[in-house]
Each structure stands twice: as C-alpha cells, then as structure tokens.
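Reader: I would like a careful look at one part of this model, namely the contacts between charged side chains, together with the setting in which they are found. Please take it step by step, and say where each value leads.

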Amino acid sequence: MTRLTLHTVDSAPEVVKPALEKAVRGSGFLSNLLAILANAPVALQAYQDMSALNATASLSLVEREVVQLVAGTTHGCRFCVAGHTAIATNKAKLDPEILAALRARGFDQINDERLQALALFSRAVIDTRGQVSDQALADFRAAGYGDQQALEVITGIGLATICNFANNLARTPLNSQLEAYAWETP
C-alpha cells in the first residue's frame, strides 16, 4: 500500500492536471509515478523537465536506459526497474541478456564492452557520490566516452534519483501495464 496519496487526474492539484492529462494522452494511462509526484507540483515538474532534457543527451536511448536501470537497481526502486525494463524491451530493444544482467546487478557480466563500461561507471558515480577513481574514469573513457557523456551519466542519475527516491518513499504500486516487468531486489 502506498504511503503517499496516489492521485488521479481528477484528484490532483489543479496546477498539475494539464501535465497529467498530457501524460495520459501520450501513454494511454496515468503512471503511478506521476500520480505520486502530483502531490508536489515542483517534484512533478522537475521530473518532467529533467526527463525532457535527458532525452536530448548524446547518449543513445539504450545507453540512457542502462543508466536508469543501474540507478534503479542500485537504489532498489521496484517501480522504476519495471518501468525502465518495459522501455528497454519495447522501445530501446536492449539485448535481453544485457537487460537480465542489469536487473541482476551483474554489471561486470554485460556482454557488450561499451555498455559494460557505462554500467560500471554509472554504479561508481552512485557509490562514490561522483568521486570516482581515476581508473574508473579512465575505463569509461577507454570505452569511447568523453567528458560530455560523463556529465550526462550524472544528469541521468539525477533524474533517476527523483523518481527512485519518490517511489521508495511512497512505496508506489506498479501499474497493471508494468506487472509483466516486475522486479524484486536480488
């Protein structure tokens, strides 16, 4: 059971109703994440604005989903891991073996060197609060990433932190549309 109000479009504060209506038109349902964030208009706007900005990064959709899955599994966010599993499967077409490794937190077992470096760097950024070792940054760069992508990883983690922590606080239930992608902490 959720610990925060799970709004509908009708019960949400007036100021966020247009954003929620737009989200429903776009996906066909109201994500419970947005229903929780609707409790604080600034939180909903921060999430939506950061999502839009993150989508313009030089990292590909697959790479952005790797960052989101590393953050979600590291932070233990069942809702976000399910949601990003759906995106990684249906939109990004992420290799199922890589997806399984990400969901199992087996970042060192990813069978793509570039995505493995991205996952390991993302985890290092989270674990060290950005104070990654020189070796971690060198490994990330050796995989073909640069300063821009390093900062985009931080941007993606910032986005993930908003939704991971909000969902963990609220204990947001999965929407029925995400139940097939459910995840439990390994």
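How many salt bridges does the structure hold?

Author: The model is a predicted one, and it holds 5 salt bridges. I will go through some of them, and then through the parts of the chain around them.

One of these salt bridges joins Lys17 to Glu14, with the closest N and O atoms 2.7 Å apart. The two partners sit in contrasting surroundings: Lys17 has a relative accessible area of 14% and is therefore buried, since that value is under 20%, whereas Glu14, at 58%, is over the 50% cut-off and so counts as exposed.

The burial of Lys17 fits into a pattern along helix H1, where Lys17, Leu20 and Ala23 are buried. These three residues cover an arc of only 125° around the axis, which means that they lie on the same side of H1. The general background is that an α-helix has 3.6 residues a turn, so residues three or four places apart point the same way. On the other side of H1, Lys22, Arg25 and Gly26 are exposed.

Another salt bridge is formed within a single helix. The side chains of Asp127 and Arg123 meet at 2.9 Å, N to O, and both residues belong to helix H7, where they are 4 residues apart, about one turn of the helix. Here both partners fall into the intermediate class, because Asp127 has a relative accessible area of 44% and Arg123 one of 26%, and values between 20% and 50% are called partly exposed.

The pair Arg141 and Asp147 is also among the salt bridges, with 2.6 Å from N to O. Arg141 is partly exposed at 42% relative accessibility, and Asp147 is likewise partly exposed, with a value of 49%.

Helix H1 leads on to the largest pocket, which holds about 1,100 Å³ of space. Helix H1 (17-27) is among the elements that give two or more residues to its lining, and the others are helix H2 (32-37), helix H3 (41-54), helix H4 (61-75), helix H5 (78-90) and helix H9 (147-170). Of the 31 lining residues, Tyr47, Ser51, His84, Ile87 and Lys91 lie nearest the centre of the pocket. H5 supplies the largest share of the lining, with 7 residues. As for chemical character, the lining divides into 16 nonpolar, 11 polar and 4 charged residues.

Where does a database record place a domain on this chain? In an unreviewed entry, UniProt gives the feature "domain: Carboxymuconolactone decarboxylase-like" at residues 44-120. In the model, that span is 71% helix and 0% strand, and its end C-alpha atoms lie 29 Å apart.

A last point of reference is Ala104, which lies in the loop between helix H6 (96-103) and helix H7 (113-128), the latter being the helix that carries the salt bridge of Asp127 and Arg123. Ala104 is partly exposed, because its relative accessible area is 48%. Computed along the sequence, Ala104 is 79 residues from Arg25, and the two are 33 Å apart in space, C-alpha to C-alpha; Arg25 is one of the exposed residues of H1.

Definitions and conventions:
Residues numbered from 1 in each chain as written. Predicted model: local features only at pLDDT ≥ 70, side-chain atom pairs only at ≥ 80, totals over all residues. Heavy atoms only, no water. 1 Å grid on protein atoms, 1.4 Å probe; cavity = no way out; pocket = protein on both sides within 12 Å on 5 of 7 lines; lining within 4 Å. Points joined across faces, edges and corners; volume = space filled by probe spheres on them. Nonpolar A, V, L, I, M, F, W, Y, C, P; charged D, E, K, R; others polar. UniProt positions renumbered as here; feature names shortened; annotations may be inferred. Buried < 20%, exposed > 50% of the residue type's maximum accessible area, 1.4 Å probe, protein only. Salt bridge = Lys/Arg side-chain N within 4 Å of Asp/Glu carboxyl O. Arc of directions from axis to C-beta.
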